[in-house]
Amino acid sequence: MSDPVDVPIDDDVIRLGQFLKLANLIESGAEAKTVIAAGLVRVNDEVELRRGRQLHAGDVVALAGHKVRVAPD
């Protein structure tokens, strides 16, 4: 897997489901629920099953071979 791509957020924190959509890794909230519940999403190299997980600057999210990092705006 290559280096993560930085995705800037407007606030200090963002929920995982929202971030997946912002980073264009998924297309809908329903899809976020599905991929997270299936254990396909990793945050900082650990499987994350909570769609509402709060992400902060520097957190790295991985899904389907793509890595994105939460970056301050």
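In this predicted model, Val5 sits across from Val68 of strand S7. Right beside that pair in the sequence, Asp6 has Arg69 of S7 as its bridge partner. Both pairs belong to the match between S1 and S7, which run parallel to each other over 5 bridges.

Zooming out, S1 and S7 are part of an open sheet of 5 strands. Reading across the sheet, the order goes S1-S7-S6-S3-S4, and the pairing is mixed. Strand S1 (5-9) and S4 are the edge strands; each has a single partner strand, so one side of each has no neighbour in the sheet.

On to the partnership of S7 with S6. Here the pairing is antiparallel, with 4 bridges, and one of the matched pairs puts Ala62 opposite Lys67 of S7. S6 and S7 form a hairpin with 2 residues between the strands. Ala64 lies in that loop, between S6 and strand S7 (66-72), and its phi is positive, near 50°, even though the residue is not a glycine. Most residues other than glycine have a negative phi. As for its surroundings, Ala64 is exposed, at a relative accessible area of 68%.

Asn44 tells a similar story elsewhere in the chain. Its phi is near 50°, again a positive value in a residue other than glycine. Asn44 is found in the loop that links strand S3 (42-43) to strand S4 (46-47). With 36% relative accessibility, Asn44 counts as partly exposed, since that class covers values between the 20% limit for buried and the 50% limit for exposed.

Then there is helix H2, which spans residues 29-37 and has Ala32, Val35 and Ile36 as its buried residues. These three cover an arc of only 100° around the axis, which means that they share the same side of H2. The other side of H2 carries exposed residues, namely Ala30, Lys33, Thr34 and Ala37. So what lies over the buried face? The cover of the buried residues of H2 includes helix H1 (16-22) and strand S6 (60-63). S6 thus turns up twice: as part of that cover, and as the antiparallel partner of S7 in the sheet. After H2 comes Gly39, which has a positive phi, near 75°.

Note on methods. Residues numbered from 1 in each chain as written. Predicted model: local features only at pLDDT ≥ 70, side-chain atom pairs only at ≥ 80, totals over all residues. Heavy atoms only, no water. Buried < 20%, exposed > 50% of the residue type's maximum accessible area, 1.4 Å probe, protein only. Arc of directions from axis to C-beta. Contact = heavy atoms within 4.5 Å. Pairing = 2+ DSSP bridges.
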